[in-house]
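Trainee: Please pick one part of this structure and take me through it slowly. I would also like to see how that part connects to the rest.

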Amino acid sequence: MGVVYRGFDPDIRREVALKTMRTVADGPSESGVSAGARFRNEAQAAGRLRHPGIVGVYDYGRDGDIHFIAMEYVRGHTLSRYLLQAKAGQLDIDDNDVASIIGQLLEALHHAHEQGVWHRDVKPSNMLLTQEGKVKVSDFGIARIESADLTQVTTLIGTPMYMAPEQFQGKPIDRRVDLYASGVVLYQMLTGHTPFSGPVETMMYKAVHEAPLLPSQLAGLERLAPYDEVVARALAKQPGDRFDDALQFRDALNAAIGRLHPDAVSNATITALLPQRSGAGGERGTTSNLAPVFDDTTMTAAINALVRHVGPMAQVMVRRAARDCPDLPTLHARLAEQLSDPAARQAFLSQTSAARTGTGTGTGTGTGTGTGTATGTATGTATGTAVGGAAPSAAMLDAAQRLLAQQLGPIAQVLVKKALAAAPQREAFITKLAAALDDPVARQRLTDALRRLPP
């Protein structure tokens with residue numbers, strides 16, 4: 001629905017994050033609420049909060065057909081990154097880190113709840129760990145503001161594996177949906193997975209009807225028995241059986257570990273979250289050392305599955321998610337998390353799950369292509385495979401950019417360059433570029449126009 005930029009405010013002289021959305025994306029979603037309404041809701045919800053554990057919002061406005069939110073620029077990584085590195089054995093999750101992260105999260109949520117704001121989408125990808133070891137909660141796009149008019153944001157908007165039973169049942173909700181989601185995050189940090197998994201319908205049924213296995217009941221995790229009571233109460237089916245508020249949850253967690261939670265995540269963990277990148281002077285880089293080289297066929301399939309739900313941003317979303325995902329199922333799960341509409345999420349997961357059953361035959365070719373594109377695709381097109389023929393001409397690239405700009409605006413230039421890098425042969429380039437258009441008619445029109453151009 002938009003792009004986030006790092007910007008600089010010359011008056012106050014500070015870095016900011018500029019979250020933008022074009023008005024052309026402001027149509028009603030399957031949930032009945034426009035993306036623009038959710039965008040404004042995020043500004044209103046986060047803008048009324050002033051807490052060190054919540055990403056600050058400075059301004060909301062419009063410039064031409066672009067809506068924007070100016071917000072605090074946070075240097076760090078998401079909790080999702082933390083969990084992925086822990087799963088890959090690259091860092092250890094100890095009790096101090098668990099207590100610090102969940103304790104900081106609950107203190108931030110308590111402030112939001114006191115201001116009448118319920119986040120409703122608490123999950124690891126919406127939690128940032130700063131370079132100082134602090135937790136910051138972000139993305140209040142579907143927050144519920146008490147006494148506000150945006151009540152049409154349906155109860156099923158959210159991420160199913162973190163949603164409370166009453167959200168699935170369409171019952172009235174309050175701040176305790178955030179406490180339930182925080183309990184899921186706690187469970188995930190302790191055990192390495194969420195209490196319930198599977199297709200959306202399966203998760204819905206289990207969340208409403210089945211009690212999760214407590215952490216100490218899982219094989220090899222008997223030492224987690226002190227957490228069982230806290231987890232059981234946080235994940236209670238009935239809101240009235242959960243903690244009364246976030247601070248009560250925090251105090252129960254501190255009692256379980258027998259001490260106050262640390263004010264910050266350990267330096268060892270923060271260092272592990274900033275992997276060294278080989279280069280002159282030993283400079284640190286932001287490129288993850290987790291991500292495998294997904295072949296072009298795999299990446300294109302993920303983009304094509306996602307594009308029908310998010311439009312041209314699918315390509316950017318897939319490539320960014322791939323940096324931090326150790327395998328294909330994790331990549332698909334990460335992308336699904338970013339789809340707010342349950343029907344869209346389930347359709348995406350169903351399509352990618354079916355595709356994974358037949359991906360074993362093209363790995364070798366895909367890996368070779370991916371390696372070649374990193375060093376310069378132009379020199380490899382003449383000796384490449386016969387699929388698609390010669391490389392697109394400069395005139396074709398110029399025409400492609402002009403045609404695509406009529407639909408998508410200035411981002412067309414970026415998409416043309418990315419399509420060429422990923423698909424250097426003419427026919428493959430046309431197919432990849434057309435995938436950036438969500439509208440089938442516009443997609444076919446662009447394809448036909450490009451194919452009519454001379455070689």
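Mentor: Let's begin with Thr-269, which touches Tyr-82 and Asp-97 when residues up to four places away in sequence are not counted. Keep in mind that this is a predicted model. Thr-269 sits in helix H9, which runs over residues 267-272. Is Thr-269 buried or exposed? With a relative accessibility of 5%, Thr-269 counts as buried, because the cut-off for buried is under 20%. Its touch with Asp-97 includes a polar contact: the two side chains meet at 2.4 Å.

The other neighbour, Tyr-82, leads us into the nonpolar interior. Tyr-82 is among the residues with the most contacts inside the largest nonpolar core, together with Leu-79, Ile-101, Leu-186 and Met-189. That core has 68 residues, and helix H5 gives the largest share of them, 10 residues. This fits a general habit: in soluble globular proteins, nonpolar side chains tend to be buried together. For a feel of the inside of this core, look at Ile-101. Leaving out residues up to four places away in sequence, Ile-101 touches Leu-79, Tyr-82, Met-127, Leu-129, Val-135, Met-189 and Val-265. Apart from this core lies another one, of 21 residues, including Ala-305, Val-307, Ala-321 and Ala-322.

Now for the close look itself, at helix H8. H8 spans residues 246-257, which makes 12 residues. From its first C-alpha to its last it reaches 17 Å, close to the 16 Å expected at 1.5 Å a residue. Which residues of H8 are buried? They are Ala-246, Phe-249, Arg-250, Leu-253, Asn-254 and Ile-257. These buried residues are on the same side of H8, because they cover an arc of only 135 degrees around the axis. What covers them includes helix H3 (95-114), helix H5 (176-191) and helix H7 (228-234). You have met H5 already, as the source of the largest share of the core.

Look at the ends of H8 too. At the start, a side-chain oxygen of Asp-245 comes to within 3.1 Å of the backbone nitrogen of Leu-247. After the helix comes Gly-258, whose phi is positive, near 80 degrees.

H8 also has a charged pair. Arg-250 and Asp-251 meet through their side chains in a salt bridge, 2.9 Å from N to O. Side chains of opposite charge can pair when their charged atoms come close. The two partners differ in their surroundings: Arg-250 is buried, because its relative accessible area is 19% and buried means under 20%, whereas Asp-251, at 40%, counts as partly exposed.

Where else do such pairs occur? The structure holds 12 salt bridges, and one of them joins Arg-242 to Glu-166, with the closest N and O atoms 2.8 Å apart. Arg-242 is in the loop between H7 and H8, while Glu-166 is in helix H4 (residues 165-169), so this pair links distant parts of the chain, 76 residues apart. Arg-242 is buried at 1% relative accessibility, and Glu-166 is buried at 3%.

Compare that with Arg-451 and Glu-427, whose closest N and O atoms are 2.4 Å apart in their salt bridge. Because Arg-451 lies in helix H18 (residues 440-452) and Glu-427 in helix H17 (residues 426-434), this pair ties together parts that are 24 residues apart in sequence. Arg-451 is partly exposed, with a relative accessible area of 42%, and Glu-427 is partly exposed at 29%. There is also a network of salt bridges that links Arg-6, Glu-15 and Arg-75.

For a contrast with the buried residues, find Gly-64, in the loop between strand E3 (57-63) and strand E4 (66-72). At 55% relative accessibility, Gly-64 counts as exposed. Its C-alpha is separated by 9.1 Å from that of Arg-22, which is 42 residues away along the chain.

Finally, step back to the whole chain. It has 18 helices and nine strands, and 48% of its 455 residues count as buried. Among contacts between residues at least 6 apart in sequence, 65% join residues at least 24 apart.

Terms used
Residues are numbered from 1 along each chain as its sequence is written. This is a predicted model: local features need pLDDT of at least 70, side-chain atom pairs count only at pLDDT 80 or more; totals for chains, interfaces and linings use all residues. Side-chain values use heavy atoms; hydrogens and water are left out. Helices (H or I, at least four residues) and strands (E, at least two) are DSSP runs, numbered from the N terminus. The expected span of a helix is 1.5 Å times one less than its number of residues. Buried means under 20% relative accessible area, exposed over 50%, partly exposed in between (1.4 Å probe, protein chains only). The arc is that of the directions from the helix axis to the C-beta atoms. Contact means heavy atoms within 4.5 Å. A polar contact is a pair of N or O atoms within 3.5 Å; within protein, one must be able to donate a hydrogen and the other to accept it, and residues adjacent in sequence count only if both atoms are side-chain atoms. A nonpolar core is a set of buried Ala, Val, Leu, Ile, Met, Phe, Trp, Tyr and Cys residues joined through side-chain atoms within 4.5 Å. A salt bridge is a side-chain nitrogen of Lys or Arg within 4 Å of a carboxyl oxygen of Asp or Glu.
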